[in-house]
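Let's take a look at the charged side chains in this protein and see who pairs with whom. Here is the structure to follow along with.

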Amino acid sequence: MRYSFFSKKLVAVIFLIAGFVSAQNHEGEEVETGAHDLKTQIKEYIDHHLLDSHDFNLYSYTTDQGEHKYIGFPLPVILWDNGLKVFLSSEFEHGEAVAEVDGNYYALYHNKIYRTDAEGTIHFGGHHGDETHTEDAFGEDLVVDDAHPTNEKPLDFSITKNVVFIIAVSLLMFLVFRSMAKRYQKSTMPRGLGRFLEPLVLFVRDEIAIPNIGEHKYKKYMSYLLTVFFFVWIINLLGLTPLGVNVTNNIAVTFALAMITYLITTFTGNKNYWKHIFWMPGVPVPMKIILAPIELLGTFIKPFSLMIRLYANITAGHVVLMSIIGLMFIFKNWIGSPLSFLLAFALSLLELLVAALQAYIFTMLSALYFGMAVEEDHH
């Protein structure tokens, strides 16, 4: 009797433990799946944050009914597709609708505009073979992960969020420095915002332009050096705000800035500069022939390094900062989340320094290249 009663209790305990372990494993799988989905959402959010946008969205939220609400305003879309097509980005309904313009249909896919049919079908071509994959423009029924859209892309001259801020910062700089110039015509004493900007202007002149270009030739480059310094600095600072501005982590922008530096260096270079590139003095003739293509290649590598340095540093800073903020939603406990917040806050303060540092480095290297282009022969 006692043995039978003990056996029944033992079997009941074993079944209870087995049920508990099974429930724990099932719960762990759900937690792991949920964490994986959350990590995927964070990665997609970071990728979206780094991209330009055809809308100007301040923030968005989801209602209790699951409807996405966006607070912001549309921007003009300007396309060239067998003629000029102009319409507002609200036609896309934040990528959830197909825009019809003059009988043509366009859809947003990963913030790029493709010509589609009325259903917004996106065709994909895999990297292996000629097989074609399709899905609609809203991400349904994705067939392969490594496919790329094969739909025709019209020429896009749209006023995107980055373009809006480029224009806004340019106008702001023009108005501020124009006001400062007018005040200096009346009095040499700085007033208002000039008290803050004058030391920065003097810093660019005394610590960047004169040491690298020379006291007699720096003046013709000062307008560009001041423009690029304040432009890059202000744009970088705006990138740290909740507005979601990411101008200098767009490689097209850094390419344009580096190209301007390259063109100024090329067209203002004196004969001594080109002599040292194509026929370097003081070395044997065979070495001159070998060094000429290397030195010529160096004239392209310098602006390329300017472009990559600014782009990579700003992009890396944004990715790391957004990743650390995302850890708060992954940890969800009283230790990990506060630590992630403190680390993100400390990194944000460091990014303030990086914003100014990258503006300084770009300006200083541009001045250095200008100085090399106008240096006189001392032999």
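## A buried aspartate and its partner

Asp 81 is tucked away in this predicted model: its relative accessible area is just 4%, so it counts as buried. Its salt-bridge partner is Arg 115, with the closest N and O atoms 2.5 Å apart. Arg 115 is partly exposed, at 25% relative accessibility.

Where do the two residues of this pair sit in the chain? Asp 81 lies in the loop between β3 (76-80) and β4 (84-88), while Arg 115 belongs to strand β7 (residues 112-116). That puts them 34 residues apart, so the pair links distant parts of the chain.

## A buried lysine meets an exposed aspartate

Next up are Lys 85 and Asp 102, whose side chains form a salt bridge at 3.6 Å, N to O. This one also ties together distant parts of the chain, 17 residues apart: Lys 85 is in strand β4, and Asp 102 is in the loop between β5 (99-101) and β6 (104-109).

Are these two buried or exposed? Lys 85 is buried because its relative accessibility is 8%, under the 20% cut-off. Asp 102 is exposed because its 62% is over 50%.

## Arg 205, Asp 206 and a network

Arg 205 and Asp 206 also join up, with a salt bridge of 2.8 Å, N to O. Both are partly exposed: Asp 206 at 34% and Arg 205 at 30%.

How many salt bridges does the structure hold? Four. Some of them share partners, and these join Asp 81, Arg 115 and Glu 152 into one network.

Key. Residues are numbered from 1 along each chain as its sequence is written. This is a predicted model: local features need pLDDT of at least 70, side-chain atom pairs count only at pLDDT 80 or more; totals for chains, interfaces and linings use all residues. Side-chain values use heavy atoms; hydrogens and water are left out. Helices (H or I, at least four residues) and strands (E, at least two) are DSSP runs, numbered from the N terminus. Buried means under 20% relative accessible area, exposed over 50%, partly exposed in between (1.4 Å probe, protein chains only).
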